[in-house]
Amino acid sequence: MNTEKKRLIVFIIVAYGVTFLMGIPMYIGFQNGFDLSCFPSAQMMYPAAGVALGLLLYGEKDKVPKGFMISILTITVLLMILAILSIGMHKNPITLIGSQMDVYYLIANYVIMLGSIIVWIFYFLAGKERREAVGLGRKNWGKAAIMVVLFVVLYILRILLCTLIDAVIHQTGSQGFQELLAVYKDPMVWMSIVLLPINYLISFLVFFGEEYGWRYYLQGELQKKFGMRLGVILLGLFWGLWHLPIDLMYYTKDSGIQMLISQLVTCVALAIFFGYAYLKTNNIWVPVCIHYLNNNLIPIISGNMSTDVLENQHVEWMDIAISLVADLVVFCIFLFAKEYREKKEDRE
């Protein structure tokens with residue numbers, strides 16, 4: 001078995017095997033009414049941990065930044081331990097800045113913040129050559145900035161389009177747009193927007209955890225085997241299915257099938273744009289930053305600044321249809337960009 005296949009097996013075992021294995025304690029916690037907030041944070045690290053372990057075991061030893069990769073694995077294990085502990089100790093949340101939060105989730109956030117700083121240190125200590133050898137180089141900053149700004153514009157456009165479609169279907173007039181505008185009267189919303197760049201520096205780690213696995217590693221593997229367009233679509237489907245445990249036990253409790261389908265639609269659409277941004281810049285930090293914005297703009301846009309904004313959602317079939325139309329218009333059109341045109345070397 002060659003090195004590439006061994007790395008792929010390690011990735012699958014960690015990214016998917018650990019995800020579904022951790023679904024067992026998550027299910028126990030779900031059945032017994034424990035707070036499950038630690039599990040999504042831990043799960044976001046598994047893809048990068050799979051790549052890191054594969055590189056440490058089968059990568060070129062003189063080119064792998066060992067400190068960086070070991071720190072990724074260590075932080076992943078710590079978050080897993082906190083997730084398991086969170087379902088066996090207590091059910092009493094603490095109150096922090098007006099919001100109730102599980103104590104283990106609070107500790108996990110500190111681990112992520114401290115871990116982000118540690119990973120940054122090992123990143124810069126690794127040196128340019130080793131960083132670039134494992135896809136961590138910082139390239140094409142001009143294009144990178146354009147991609148980030150473009151995503152924000154498209155994100156807002158998608159929200160406006162969904163609001164418009166919903167207004168037409170339910171004949172609510174301008175009510176939805178008025179509710180959106182009302183959100184921006186809250187000073188906390190503007191403070192959150194200002195703090196986004198600072199917060200990124202100390203919380204980027206979990207978004208890197210996903211993107212280093214999906215965009216840097218698995219996207220390339222799938223595109224080499226299935227072609228540029230089919231490869232990225234399959235990546236979106238695999239990414240969506242990977243969310244299964246948190247879809248059924250965290251994001252919703254009463255509309256599991258709808259949430260799963262909604263997740264697949266969203267992940268395919270975002271995979272197309274995230275993949276486009278990565279191919280355009282060859283800079284993994286671009287999809288990391290975009291993924292961070294995608295998740296952190298949700299509480300800002302919704303006006304719900306609580307820590308559980310994504311928990312216990314109710315998804316209607318009509319919501320999925322509206323999202324599908326909006327995603328096709330806003331994100332899926334990038335599937336026809338020149339970056340996704342078939343290349344001979346991509347098929348070999």
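**Asparagine 140 and asparagine 312**

I looked up asparagine 140 and found it in the loop between α7 (128–133) and α8; helices here are DSSP runs (H or I, at least four residues), numbered from the N terminus. The model is predicted, so I accept local features only at pLDDT of at least 70 and side-chain atom pairs only at pLDDT 80 or more, while totals for chains, interfaces and linings use all residues. Residues are numbered from 1 along each chain as its sequence is written, and side-chain values use heavy atoms, with hydrogens and water left out.

Phi of asparagine 140 is near 50°, a positive value in a residue other than glycine. Asparagine 140 has a relative accessible area of 38% and is therefore partly exposed; I use buried for under 20%, exposed for over 50% and partly exposed for in between (1.4 Å probe, protein chains only). I then turned to asparagine 312, in the loop between α15 (285–302) and α16 (317–330). Its phi is also positive, about 55°, although asparagine 312 is not a glycine. With a relative accessible area of 41%, asparagine 312 is partly exposed.

**Methionine 147 and serine 71**

I located methionine 147 in helix α8 (residues 141–170). Its relative accessibility is 4%, so methionine 147 counts as buried. Beyond its neighbours within four places in sequence, methionine 147 is in contact (heavy atoms within 4.5 Å) with Phe273, Tyr276, Ala277, Lys280, Thr281, Val286 and Ile290. I also checked valine 14: from methionine 147 it is 133 residues away in sequence and 30 Å away in space, C-alpha to C-alpha.

Serine 71 belongs to helix α5 (residues 66–85). Serine 71 counts as buried because its relative accessibility is 7%. Neighbours within four places aside, I find serine 71 in contact with Ile118, Val119 and Phe122.

**Helix α13 and its cover**

I examined helix α13 (residues 244–251), which is largely enclosed by the rest of the structure because 6 of its 8 residues are buried. The buried residues of α13 are Pro245, Ile246, Asp247, Met249, Tyr250 and Tyr251. Their cover includes α1 (3–21), α2 (23–31), α3 (38–43), α12 and α14 (256–281).

**α1 against α12**

I noted an angle of about 25° between α1 and α12, with the axes 11 Å apart. α1 is therefore roughly parallel to α12, as angles under 35 degrees count as roughly parallel. On the α1 side the contact is made by Ala15, Tyr16, Thr19 and Phe20, and on the α12 side by Phe238, Trp239, Leu241 and Trp242. By class I record 7 nonpolar, 1 polar and no charged residues in this contact; Ala, Val, Leu, Ile, Met, Phe, Trp, Tyr, Cys and Pro count as nonpolar, Asp, Glu, Lys and Arg as charged, and the others, Gly among them, as polar. Axes are lines fitted to C-alpha atoms, for helices over the stretch in contact, and angles run from 0 to 180 degrees between N-to-C directions.

**The core**

The largest nonpolar core (buried Ala, Val, Leu, Ile, Met, Phe, Trp, Tyr and Cys residues joined through side-chain atoms within 4.5 Å) has 108 residues, and Leu136, Phe208, Tyr212 and Trp285 have the most contacts inside it. The largest share of this core, 13 residues, comes from α14. I followed phenylalanine 208: leaving aside neighbours within four places in sequence, it is in contact with Ala48, Phe68, Ile72, Leu136, Trp285 and Val288.

**Confidence**

The protein chain averages a pLDDT (the predictor's confidence in each residue, from 0 to 100) of 91, and 93% of the residues score at least 70. Among its elements, helix α12 (residues 228–242) has the highest mean, 98, and helix α17 (residues 344–347) the lowest, 42. Over residues 344–348 pLDDT stays under 50, and I note 6 contacts there beyond four places in sequence. Where pLDDT is low, predicted coordinates should not be read in detail.

Conventions
Helix = DSSP H or I, 4+ residues; strand = E, 2+ residues; numbered from the N terminus. Parallel < 35°, antiparallel > 145°, perpendicular 65-115°, else oblique.
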